[in-house]
Amino acid sequence: MRTLTLEIEPFEGVRSEMAEIFSQIRSFEILETLKMDYNEGICIEIVEFVLKEGVSIHDIRTIGDMEVLNVLRSDGSKTTCLIRYTEPERTKGLFQESDLGLIHTIPTIISLEKFTVSMMGERKDLMDFVEMMRTHAGIVKKMSVRKAAYRKADILAVLTDKQREVMVAAFQNGYYDYPKRISSVQLCSMVNISKPTLLQHLR
């Protein structure tokens with residue numbers, strides 16, 4: 001297993017397509033991918049947004065195709081959120097093709113000027129990914145490949161033990177799926193807390 005990190009200058013067409021995303025933010029960093037469903041074109045991730053001046057995350061429900069599910073931490077212009085990304089129908093085929101058995105890792109930082117993308121996997125799959133980026137994303141300015149060392153982001157450390165337990169149970173049992181596979185009442189029973197407490201923990 002190897003870790004690949006690419007620095008990409010996005011094509012002008014890619015920048016145009018992403019303009020809506022960057023109307024309120026300067027950049028975003030994917031800290032952790034919790035769920036990736038290539039068939040449905042949905043992923044759940046922990047993302048740190050760098051907001052533009054005067055923008056509050058509490059006024060934003062969506063950023064492009066990313067739906068803000070929860071705000072985990074705010075510190076000045078940096079806000080860490082739990083998001084659900086839904087691939088648009090027009091690009092879902094390409095999204096499905098990008099399922100090369102790779103693991104998203106850090107750093108993965110996206111801005112209009114530059115993409116820094118990191119993936120972990122076998123050499124051949126990584127090289128297929130590079131070709132896909134060259135074809136559809138932009139000009140590869142830098143590329144490094146090194147022995148893999150998977151490092152999970154420490155973002156979940158901001159939660160209490162009970163908040164982590166509730167969040168993990170919610171994900172494992174489909175609370176954030178669409179449609180939901182478990183109701184808040186069923187989840188309360190599972191983690192042995194009241195509904196108001198459960199909803200507070202999830203918030």
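Is Cys43 buried or exposed? I looked this up at the start, keeping in mind that the model is predicted. Cys43 is buried, at a relative accessible area of 4%.

**Cysteines**

I then searched for disulfides and counted zero. I wanted to know why Cys43 has no bond. The closest cysteine sulfur belongs to Cys81 and lies 15 Å from that of Cys43, so a bond is ruled out by distance. A disulfide would need the sulfur atoms within 2.5 Å. Cys81 is likewise in no disulfide, with the Cys43 sulfur as its nearest, 15 Å away. I checked the burial of Cys81 as well: its relative accessible area is 0%, so Cys81 counts as buried.

**Largest nonpolar core**

Next I turned to the core. The largest nonpolar core holds 33 residues. I noted the members that touch the most others: Leu6, Ile21, Ile25, Phe28, Phe49, Ile63 and Phe129. I asked which elements supply at least two residues each. Strands on that list are β1 (2-10), β2 (25-37), β3 (42-51), β5 (66-75), β6 (78-86) and β8 (115-121). The helices are α1 (12-18) and α3 (123-136). With five residues, α3 gives the most to this core.

**Second core**

I found another core apart from this one, made of 21 residues. Its members include Leu82, Ala169, Tyr176 and Ile182.

**Phe129**

I went back to Phe129 for its contacts. Leaving out residues up to four places away in sequence, Phe129 touches Leu4, Leu6, Leu100, Leu102, Val117 and Met119. Leu6, one of these partners, is also on the list of core members with the most contacts to other members.

Note on methods
Residues numbered from 1 in each chain as written. Predicted model: local features only at pLDDT ≥ 70, side-chain atom pairs only at ≥ 80, totals over all residues. Heavy atoms only, no water. Core = buried A, V, L, I, M, F, W, Y, C linked by side-chain atoms within 4.5 Å. Buried < 20%, exposed > 50% of the residue type's maximum accessible area, 1.4 Å probe, protein only. Helix = DSSP H or I, 4+ residues; strand = E, 2+ residues; numbered from the N terminus. Contact = heavy atoms within 4.5 Å.
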